[in-house]
Amino acid sequence: MTSLHLRRLARYPLIPVIVVMAIGFELATGSFVGSQNLLGIATDSATLAIVAVPSALLVISGYLDLSVGSTYALGAVAAGWLASEHGGGLLTCVLLSLLAGLAVGAVNGFLCCVVGLSPFIVTLGTLTAVRGLAQQFAPLPLTGFGDSFAWLGGAKVAGLPSPVVIALVVVLVAGAILALTPVGRHIYAIGVSREAAYLSGVRVRTVPFALFLATGACAALAGAIKASVLGAVQSGTAGTGFELAVLTAVLVGGVALTGGSGTLFGVVLGVAFLGILQNGLTLVGVPTFWQQVAQGLALVVAAGLAYLAPRLEALAAVRPPTLRRAAPATT
């Protein structure tokens, strides 16, 4: 194996972990790597990917959004309420859900980026407030959304489930912004040093504010998709603990909580890791509460990987000393 391959494995240690997990679950079940099961994992993980990608950009810029679970519930309730109570069409339901998510993102962005309050405290507060707002809005479970709204989570586009297609679009758009536009460089620059970025002419308030908007909109959209898939939504339980799953996927994927570093490829690996872990444990019959224990341990493992990955990469980058050809003896 060449030094380049070793450096890539050191940068993305989840790759060998995922391979080992897949082999282990295949040996235990005999059907884990089947196309239907893999497509099911992708479908179940799609809503997590839709929220984890903008959340990762937010963390890279040095901010954090802990309210995505409640925003997810508010988006699901808003879309479900319009579909079930007023017979709203697909487009209007999605628009209402996105508006709800944008409103939450605007509040978070204003308080964190403009006023300058702590993102941890602000989004922890909105986590509770938005959950209460969703329960006040729809205290009873919502069902009977109709065929139009059911298309959002149940349709197939080019042979792929619509949630997977939406997740791919989110990943591609975010990847293009991060790699091909100045905004991507600004996100990293703000995360490394906000003061230095400001002195360099970077809009240190506008960029994170836009990321808060994107995170809120994507969280609400993910909630609407899940409501469409399930055909029902309950404001008190929808998205409970979802913020922990998003944060775990982001950190396991190698994004530094202190900001300034991380890749979308790593975040996609983090989402895949959690999806494979949950699916595999379910197939082998592990109870739900032990799956929660495994997810919590994954977050601890993420801290270990974040500590080891730079050191392994530096070790892999060390080139072995070249043997110098002996000079011919002179007479």
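**View 1. Aromatic residues F145 and F149 in the predicted model.** In this predicted model, both F145 and F149 are buried. Their rings have centres 5.4 Å apart and planes at 90°, so the two residues form an edge-to-face pair. F149 also belongs to the residues with the most contacts inside the largest nonpolar core, which is the subject of the third view.

**View 2. The aromatic pair of Y63 and F212.** The structure holds 6 aromatic pairs, and one of them joins Y63 and F212, whose ring centres are 5.8 Å apart and whose planes stand at 75°, so that this pair is edge-to-face. Y63 lies in the loop between α3 and α4 (68-86), whereas F212 is in helix α11 (residues 206-230), and the pair therefore ties together parts that are 149 residues apart in sequence. Y63 and F212 are each buried.

**View 3. The largest nonpolar core and the surroundings of F273.** The largest nonpolar core comprises 82 residues, and those with the most contacts inside it are L48, F149, V233, V246 and F273. The greatest contribution to this core comes from helix α3 (residues 35-60), which supplies 13 residues. When neighbours within four places in sequence are left aside, F273 is in contact with L14, V17, I18, M21, V252 and A298. Another core, of 5 residues, lies apart from the largest one and includes L74, V104, V130 and A134.

**View 4. T47 in helix α3.** T47 has its place in helix α3, the helix that gives the most residues to the largest nonpolar core. With a relative accessibility of 5%, T47 counts as buried, because the cut-off for that class is under 20%. Not counting residues up to four places away in sequence, T47 touches A222, I225, K226 and F242.

**View 5. A nonpolar surface patch with residues from helix α2.** The residues I15, V19, I23, L27 and F265 make a nonpolar surface patch of about 480 Å². Helix α2 (residues 14-29) gives the most to this patch, with 4 residues. L27, one of the patch residues, has its place in helix α2, and its relative accessibility of 72% is the reason why L27 counts as exposed, given that this class begins over 50%. In soluble globular proteins, nonpolar side chains tend to be buried together.

How values were computed: Residues are numbered from 1 along each chain as its sequence is written. This is a predicted model: local features need pLDDT of at least 70, side-chain atom pairs count only at pLDDT 80 or more; totals for chains, interfaces and linings use all residues. Side-chain values use heavy atoms; hydrogens and water are left out. A nonpolar core is a set of buried Ala, Val, Leu, Ile, Met, Phe, Trp, Tyr and Cys residues joined through side-chain atoms within 4.5 Å. Buried means under 20% relative accessible area, exposed over 50%, partly exposed in between (1.4 Å probe, protein chains only). Helices (H or I, at least four residues) and strands (E, at least two) are DSSP runs, numbered from the N terminus. Contact means heavy atoms within 4.5 Å. Patches are made of residues with over 30% relative accessible area and no salt bridge: like charges are joined within 9 Å, nonpolar side chains (Val, Leu, Ile, Met, Phe, Trp, Tyr) within 5 Å. Accessible areas come from the Shrake-Rupley method with a 1.4 Å probe; for residues, only the protein chains shown count as cover. A salt bridge is a side-chain nitrogen of Lys or Arg within 4 Å of a carboxyl oxygen of Asp or Glu. Rings of Phe, Tyr and Trp (its six-membered ring) pair if their centres lie within 6.5 Å; planes under 30 degrees apart count as stacked, over 60 as edge-to-face and the rest as tilted.
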